[in-house]
Structures are given as structure tokens and as C-alpha cells.
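Visitor: Hi! Could you walk me through how some of the helices pack in this one?
Guide: Happy to, let's bring it up.

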Amino acid sequence: MSLGLPEEHAPLAALVLKSPLGLTPAFQVNLNAAGQGSSPLLSPVLSDAGGARMEEDEEMKRKRYPTDKAYFIAKEILATERTYLKDLEVITVWFRSAVIKENAMPEGLMTLLFSNIDPIYEFHRGFLKEIEQRLSLWEGKTNAHVKGDYQRIGDVMLRNMRTLKEFTNYLQKHDEVLTELEKATKRLKKLEMVYKEFELQKVCYLPLNTFLLKPIQRLMHYKLVLGRLCKHYTAEHRDFADCRNALREVTEMTAQLQHSLIRLENFQKLSELQHDLIGIDNLTAPGREFIREGCLYKLTKKGLQQRMFFLFSDMLLYTSKGVTGTNQFKIHGHLPLHGMLVEESENEWAVPHCFTIYSAQKTIVVAASTRLEMGKWMEDLNVAIEMAKKSTEKSDMLLENSVCNRSNRSSDEVSLEQESEDDIHSSRSSLDRQSHHRANTTMHVCWYRNTSVSMTDHSVAVENQLSGYLLRKFKNSNGWQKLWVVFTNFCLFFYKTHQDDFPLASLPLLGYVVSSPAEADGIQKDYVFKLQFKSHVYFFRAESKYTFERWMEVIKRATSSPARSSLQLPKDDKDSHSD
């Protein structure tokens, strides 16, 4: 089956990267050659011109650098801090400029938003400079006794974690900021328009409100990376005490903000879906929790039809791909969880991985793409149905308030299914017209890869973010090309350098399997990992054993998406379902 999803979303006209002020094109790359060569994924911007020479440069550099694992851990802090600062700039620089230009945001909201994020941004600018200075001293060719004093990062981390503690009250207000921003976009048409247009800009490579979650998520990253440093050092190492104390400081902050983060992530997901779903008004109703989104095939009079399903703590929605230019999903039906029953029905319908959902209003039969997918859906549905029993009155009230097109509920299934043929045709072409990144919302990727993602997967993915330079090679090319790669939201984003303001292309990884190259791949290099989805194959090369292991680990963890009951499976078993 053809994927339909352009593997790498890169504009096909000449691509211009601008300086931060957007005044002068820093360089231009012609992309008209797209589509030549045997791989549909080959975007010439990222092709392998000059690859061999670059390889030698890399080898030279590698021999010069320190080999201590602590150095590479510190380098990871630096790389991810660079990405984090760019992420903050999406709001502090780019979004601010968009709303000011159109005078689209009330003064009160401007103050609330920017007074809570500007100080954090300023702090991290200083922090990044310190990490950069320390790493260049660590790598430097100074006298050994001087250099030795700089081959550590704990003192820099401890000093800055203590300072960051003073910003906790700003972070606690991000809950209010997100809520007020969402309310205002509903209320003010002009702001809603600016918001939606901004999300189509290349610089806004993720849904806009995800950037507001980054500051609290960043604390979680510091905690994880400091934990790795403490594990690496012996207790006698002179950097150990500072790292341990820095870890203590950041753990105090994360404990304080953990509850807030869970609430924020749920609210962010609900409001992202609110923007992308047609036919529901009040998705962010208090008390509603997002549980799972993904693709299932629904049995209709025309046979199996692809649908997107969204499971919440009080209801199950199902939608088809929209015919609109905005590529949204249109709600076809919704079933309250109260009184719902789910059972496997493969034998009854002779359809693999098929189960029946009985609800008060109607009964629907759906099929998943794999047995594992079916298990995840049935398990989450059953847990949610049990939970809903305990809070029935509340959920009935929510449902009354939130569904705007109630007439659909009583009409029979056939009339609801009528536009399905158009949906199937339009979804192919409308994705091609899409701006380069909107198709990276998890909902679109689930649709094209026939899979699903749960709130638990989203939370795990937050811990598995990584940035850094990698060398990349396509299956049928010779040379390696150096790219700055950012992994977040189940997706790899490719940049030419870490200074660029927006990605050249992206690769959604749901459904991909990560492994070491096989002998048949003919890769004679160290630290290479292979990414594969059906016939699409990429090779990436890291600079050290540590970095290689980290990339393998984060991609594996974020894309393997175990069911709740299989969380105890050994890692390799989890990957087996991925195709």
C-alpha cells in the first residue's frame, strides 16, 4: 500500500534560510532536482554531495577530541540546550513578532505570556554560553594541569540549577498561560487567525502550544542527564559531589512541578486536537483526559473504511480524513464510555484483529492493523470504561456540553458514511498541498502508518528528546552528509547546522525499526544505526560509542510504544510489531 506521506517534508522550490531577523538570505539551495535518483525520499538539499571529504574531516576531529564518557554526556547537555533555546525563541522572538505585527493579542495576555517566558529565556541564554565555554576549554589544547581543571561540568550545572530554582514560580504559571491563550484564541477571531497562520510557518515545526511545555520538560532532561553523570562517576571523582548536588536541586524542582506537567501535557494534547478536529466544540472540558489516538478500520456497508479514533476518559470519537484544504479530521460519530462493552470478534466477522464496540447508541465493528494494536486498544478501552463507571454523572454532563452536531447521533450509519469515498481520494492529494510540517502531528502520522499512540507514549517521548550532529547516508548513495538532527515528538528534524531557525526536512518515525546495520548493508563504519520502514532505509553515524547508544536508545524507546501489560517485555520483543 502506498504510504501517501511524503517521507521528508521539504519545499520543492528554492529553499532560503534566513538570518534571525529575516533580512538577508544566508544561502540558497536549489531543490528542483527532487525526485531524481531511485529513492522518493532523496531531497537534494540533503543529498550526499561532498560526502567523502567531510568524512575525513570528521575522522580528524574525532581523533583530537577527549574520549571520556563524561565529555560526551556534557556534549549532549550542550546540544539539547541549543535546541531548547531555539524552541523558546519560537515564542519569545517569532510568535511575539507575529502578534505584534497584527496587533492580535490583548495587553493582559501579552504580559502574562511574555513576563513568564522572557526571564527563563534570558537565563538559558547565559547558561548556554557557560556550557559552550566549558566544553571548548575541555576540548582545548591548554596546559594539561589547567585543562584538567576544566574537564568537568558538575560545577556549572550546580550553579545554574540553584539559579533556576528561583524561576519555579514562573514555571508554575505556565498552566495559566496555556489556558488563557487557548481561551483567547477561541474568543478572538484575529488572534485565532494569527495563531493558525503562525503554525504554518517553517519556524513553528511543532504545534505551537507544545513550545510552552518545553521549560518544565527541560528540567526532566537535566534530571535524567545528571543521573547518568552520577552513575558514570565513582564517588571519589572530583566532579561527582557537584553533579550529585545539582541532581538533588533539580529533583526538588521536578517533584514540585511533576503534577503540573501531567496536567499541562493533557491540556496541550486536548487543545491541539481541538484545532485539528471538525465537529466538536468543548474538547478541553475540565476533567476530560486524553488516552489514545490512532487508526482503525471500521466495518461499513462498503467494507472496511479507514478511520481515526480518539479515546478520552469519557468518550470515544471516530473521524474521517477531511476534504478541506486544512487537512483536518471530521468527526463521524462519538460514543460515551458509560455502559460501553468491548469484545474480540475475529471469528464472527472473519476479519483479522477485529473487535466489536457495543455502546448505548450503536454497535460498531473495527479492525486493527496488528494483533498488538488490537490488544492496546482493547486494554485502554476496558480501563477507560471501568474508570468512567466511577465518574458517570460528570461525564454525561461533559458530553451534553461538548458535542455540537447532535443530529448525527440518531441518523443511521449509512448516511454518515456517504462521504467516505471522497475522504479517501482527497486525503492523498491534500497532504501534498500541506505546509511542510503540519502533517507531522501525531494524528496524521498514525493515519499513514496505521498505528496508534497513547498519552503514556507521549509522556515517554518527552524524556526521549535528543539533538546533535549525525552523518546520514541513503540506502543507494555513497557519501555521508553531516546534518544537525533534532529528535522530538516521534520525529527526526534535519537542519544544516545548529544555528538554523527551521528544519529543511523531517522524518516521522512511528512504525520505523531502529537496528544496527546487517552485513548485507555493507557499512564499514563504527557507530552506525539503521532506520527502516518497509523499503525506506536510512543510515546514521554518530561520533562516539556513547552518542550512538543514546540515539539507539531514545529512538527505540519512543517508537516501540508497548501496551501497558507488556511494559515488562525485553526491549527487542517490543520492536517486533513495528512494521
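Visitor: How do the axes of H2 and H8 cross, and within what distance do they come?
Guide: This is a predicted model. In it, the axes of helix H2 (residues 69–102) and helix H8 (residues 189–199) come within 10 Å, crossing at roughly 135°. Angles from over 115 to 145 degrees count as oblique, so H2 and H8 are oblique to each other.

Visitor: And is that crossing right-handed or left-handed?
Guide: H2 and H8 make a right-handed crossing.

Visitor: Which residues meet there?
Guide: From H2 you have Val90, Trp94, Phe95, Ala98, Val99 and Glu102, and they meet Lys190, Leu191, Val194, Tyr195 and Phe198 of H8. By class, the residues of this contact are nine nonpolar, two charged and no polar.

Visitor: Let's switch to H10 and H18. What angle do they cross at?
Guide: Roughly 115°, with the axes of H10 (residues 240–276) and H18 (residues 455–463) coming within 11 Å. H10 passes H18 in a right-handed crossing.

Visitor: Which residues are in that contact?
Guide: Glu265, Asn266 and Lys269 on the H10 side meet Met455, His458, Ser459 and Val462 on the H18 side. They divide into two nonpolar, three polar and two charged residues.

Visitor: Zooming out, how many helices and strands are there in the protein?
Guide: The protein has 20 helices and 18 strands. Of its 579 residues, 56% count as buried.

Visitor: What about its exposed surface?
Guide: The protein exposes about 24,800 Å², and carbon and sulfur atoms supply 53% of that.

How values were computed: Residues numbered from 1 in each chain as written. Predicted model: local features only at pLDDT ≥ 70, side-chain atom pairs only at ≥ 80, totals over all residues. Heavy atoms only, no water. Axes fitted to C-alpha atoms, helices over the stretch in contact; angles between N-to-C directions. Helix = DSSP H or I, 4+ residues; strand = E, 2+ residues; numbered from the N terminus. Left-handed = near helix turned anticlockwise from the far one by under 90°. Contact = heavy atoms within 4.5 Å. Nonpolar A, V, L, I, M, F, W, Y, C, P; charged D, E, K, R; others polar. Buried < 20%, exposed > 50% of the residue type's maximum accessible area, 1.4 Å probe, protein only. Areas by Shrake-Rupley, 256 points an atom, 1.4 Å probe, with all protein chains shown as cover. Parallel < 35°, antiparallel > 145°, perpendicular 65-115°, else oblique.
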